[in-house]
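Reader: I'd like to go through the packing of this one with you. Could you put it up so we can talk it over?

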Amino acid sequence: MATPGSISGTNAFALANGMVLTEAFDRIGKRPTELDRHQIISGRISMNLLMVEWGNNGVNLWKVVSGTINLVAAESTYTLPSNLIDLTEVWFTTVDLTGGGQNSDRFMTPMDRGEYAMIPNKNAPGSANRFWYQRLFAAPQITVWPVPPAGAPAYVINWFGLSQVDDIGMGGGEIPEAPYRGLDALCAGLSVRLAEKFAPERLQEKEQQAQRAWDLFHSNDQESGMVTIRPNLGGYGRM
């Protein structure tokens, strides 16, 4: 217990999913004692759809994940995790098998479907430097070019990507998969969706407040680093 006149000394504040829901309803003038079963179910759906919106809004740092693809000789296409939303960085690694630890990495640049279709020899072997990310329904795929002349352990591909936010449930004290700095934006965003359905007269007001909360959160959800602009000339004359 904190001593009167002193700070708490803790950093454990969190909101369970049910608390986020009641806070959002409070913001549109709906007290918890007034809520019926339909409103709670509807609120949970809206909260999940808000997480979909967040996933579409860009790179959420707390959902950046990484992985490694063990390449197979002459195979160009590989399946990625089904909950992966997008790839952010991809690089081809030549692994030092002598034990010296001198791996060699080569950054890979993305291409779209049209660019891949224009490659004359899609089975050309070599060190992969381009990739086509296919956002398929069941599970995304990555197609690399040139195709690897040999497979793992000598050649692998490493990647960073954006993963889907976990589903929102209301039982067992579950918490939202959102960082501390995003809790206010979460409550504000949910209040907009609830106002649309249960308090339309407050919708515009809630939209303005939610935009401000999101802007504050998103401007803080950034990595520090230098901005480098350089032309990519590596592919010129290779097709």
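Author: Before we start, this is a predicted model, where local features need pLDDT of at least 70, side-chain atom pairs count only at pLDDT 80 or more, and totals for chains, interfaces and linings use all residues. Residues are numbered from 1 along each chain as its sequence is written, and side-chain values use heavy atoms, with hydrogens and water left out.

Reader: Which residues in α5 are buried?

Author: Helices here are DSSP runs (H or I, at least four residues; strands are E, at least two), numbered from the N terminus. Buried means under 20% relative accessible area, exposed over 50% and partly exposed in between (1.4 Å probe, protein chains only). By that cut-off, the buried residues of α5 are Lys 206, Ala 210, Ala 213, Trp 214 and Phe 217.

Reader: Why do they sit on the same side of α5?

Author: An α-helix has 3.6 residues a turn, so residues three or four places apart point the same way. The arc is taken from the directions from the helix axis to the C-beta atoms. They sit on the same side of α5 because the arc they cover around the axis is only 105°.

Reader: And which exposed residues are on the face of α5 turned away from its buried side?

Author: The buried residues pack against α1, α2 and α4, with contact meaning heavy atoms within 4.5 Å. The face turned away from them carries the exposed Gln 204, Gln 208, Arg 212, Leu 216 and Ser 219.

Reader: Which element gives the largest share of the largest nonpolar core?

Author: Such a core is a set of buried Ala, Val, Leu, Ile, Met, Phe, Trp, Tyr and Cys residues joined through side-chain atoms within 4.5 Å. This one has 29 residues, and Trp 54, Leu 190 and Leu 194 have the most contacts inside it. Two or more residues come from each of α1 (17-27), α2 (37-56), α4 (183-198) and α5 (203-220). The largest share, 10 residues, is from α4.

Reader: Trp 54 and Phe 217 form an aromatic pair, so how many residues apart are they?

Author: Rings of Phe, Tyr and Trp (its six-membered ring) pair if their centres lie within 6.5 Å; planes under 30 degrees apart count as stacked, over 60 as edge-to-face and the rest as tilted. This pair is tilted, at 5.4 Å centre to centre with 35° between the planes. Trp 54 is in α2 and Phe 217 in α5, and their separation along the chain is 163 residues.
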